[in-house]
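This report describes the architecture, the helix packing and selected local features of one chain. The sequence and the structure are shown below.

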Amino acid sequence: MKDKKEKSTAERLAERTEGFLGSNRKLLIIILIVILLAVAGVAIGVNLHGRQVSDNYEELYNLEESYNSLMLLDETTEEFTTSLSEFEGNVDVFVADHDISTYLGARATMLLAEVRFMQEDWESAYQLYLAVAEAHRNDYLGPLGYTNAAVAAENNANKDEALRLYTLIWDNYGNTCAEAPQALFNQARLEYENGNEDIARSIFEQLTTEFPNSYYTSIARTWLLTY
């Protein structure tokens with residue numbers, strides 16, 4: 001028969017645990033406080049980051065609202081001149097804080113490009129659109145920027161550059177981007193204007209095959225029947 005004073009393994013373990021907790025109480029409290037502070041710090045950091053992101057998008061929204069208001073003004077008025085100057089200043093400040101490689105910076109740059117386009121400052125619009133396209137080759141802003149840059153270049157009587165960009169859009173993105181039908185159509189049109197009728201016909205036929213339901217395809221079919 002076992003001695004009554006002999007303690008079970010569970011009892012001995014409990015005593016050791018109590019002893020450890022007792023002798024290390026302060027250390028455990030400190031560790032607990034550190035953990036709680038770390039968790040609180042992460043929560044605060046996440047909250048602040050979320051608030052900053054929200055503020056950034058609110059700033060961009062305000063720029064878009066300013067742009068929309070600007071489009072409604074008469075360009076010959078002093079109000080337009082004043083509003084334009086204020087808008088450009090706000091865009092410059094925003095872009096200084098948001099690199100063009102980010103969506104926020106690119107979107108703000110595109111707004112400024114739209115204003116330049118509206119003013120028929122083709123060279124400035126072309127440079128701004130192209131900068132966005134180059135910084136966003138791997139997302140949807142790439143082909144969009146190249147397309148707008150091509151339009152600005154052609155309006156600036158630089159048809160060679162426009163043709164280069166339209167060709168680049170198809171070569172780089174194929175039928176994966178929304179701008180592909182427009183790019184193919186204008187590529188064919190410019191080739192035809194350059195006297196390359198066979199190349200133009202081939203591209204128009206490709207357009208009708210790749211995008212049978214596109215608006216540009218209906219125009220291409222008319223051209224193919226006419227020439």
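## Burial and helix 4

A residue is termed buried when its relative accessible area is under 20%, exposed when it is over 50%, and partly exposed in between. By this criterion, in the predicted model, helix 4 has L104, G105, A106, A108, T109, M110, L111, L112, A113, V115 and R116 as buried residues.

Helix 4 comprises 16 residues, from 103 to 118. The distance from its first C-alpha to its last is 22 Å, close to the 22 Å expected at 1.5 Å a residue.

## Overall architecture

The chain contains ten helices and zero strands. Its pattern along the sequence is accordingly written α-α-α-α-α-α-α-α-α-α. Of its 227 residues, 34% are buried.

Among contacts with a separation of 6 or more, 49% link residues that are 24 or more positions apart. The exposed area of the chain is about 14,100 Å², of which carbon and sulfur atoms supply 54%.

## Helix 3 and its two sides

Helix 3 spans residues 78–97 and has 20 residues. From first to last C-alpha it reaches 29 Å, close to the expected 28 Å. Its buried residues are F80, L84, F87, E88, V91 and F94. Viewed down the axis of helix 3, these residues fall within an arc of 130°, so they line one face of the helix. The exposed residues E78, E86, V93, A96 and D97 are on the other side of helix 3.

## The nonpolar core

The largest nonpolar core has 53 residues. Within this core, the residues that touch the most other members are F87, Y126, Y146, L165, Y166, I169 and F204.

F87 also belongs to the buried residues of helix 3. Residues up to four places away in sequence aside, F87 touches L63, S66, Y67, L70, L111, L112 and V115. Of these partners, L111, L112 and V115 are among the buried residues of helix 4.

## M71 in helix 2

M71 lies in helix 2, which covers residues 25–71. With a relative accessibility of 29%, M71 counts as partly exposed. Beyond its neighbours within four places in sequence, M71 is in contact with V115 and M118. V115 is also a contact of F87.

M71 and L84 are 13 residues apart along the chain, and their C-alpha atoms are separated by 9.9 Å. L84 is one of the buried residues of helix 3.

## E161 in helix 7

E161 is situated in helix 7, residues 159–173. Its relative accessible area is 11%, so E161 is classed as buried. The side chain of E161 forms a polar contact of 2.8 Å with the side chain of R164.

Apart from residues up to four places away in sequence, E161 touches Y126 and A153. Y126 is listed among the core residues that touch the most other members.

## Positive phi values in two loops

E120 follows helix 4 and is found in the loop between helix 4 and helix 5 (122–135). Although E120 is not a glycine, its phi is positive, at about 60°. E120 is exposed, with a relative accessible area of 54%.

A157 is located in the loop between helix 6 (141–155) and helix 7. The phi of A157 is near 65°, again a positive value in a residue other than glycine. A157 is exposed, with a relative accessible area of 68%.

Note on methods
Residues are numbered from 1 along each chain as its sequence is written. This is a predicted model: local features need pLDDT of at least 70, side-chain atom pairs count only at pLDDT 80 or more; totals for chains, interfaces and linings use all residues. Side-chain values use heavy atoms; hydrogens and water are left out. Helices (H or I, at least four residues) and strands (E, at least two) are DSSP runs, numbered from the N terminus. Buried means under 20% relative accessible area, exposed over 50%, partly exposed in between (1.4 Å probe, protein chains only). Contact means heavy atoms within 4.5 Å. Accessible areas come from the Shrake-Rupley method with a 1.4 Å probe; for residues, only the protein chains shown count as cover. The expected span of a helix is 1.5 Å times one less than its number of residues. The arc is that of the directions from the helix axis to the C-beta atoms. A nonpolar core is a set of buried Ala, Val, Leu, Ile, Met, Phe, Trp, Tyr and Cys residues joined through side-chain atoms within 4.5 Å. A polar contact is a pair of N or O atoms within 3.5 Å; within protein, one must be able to donate a hydrogen and the other to accept it, and residues adjacent in sequence count only if both atoms are side-chain atoms.
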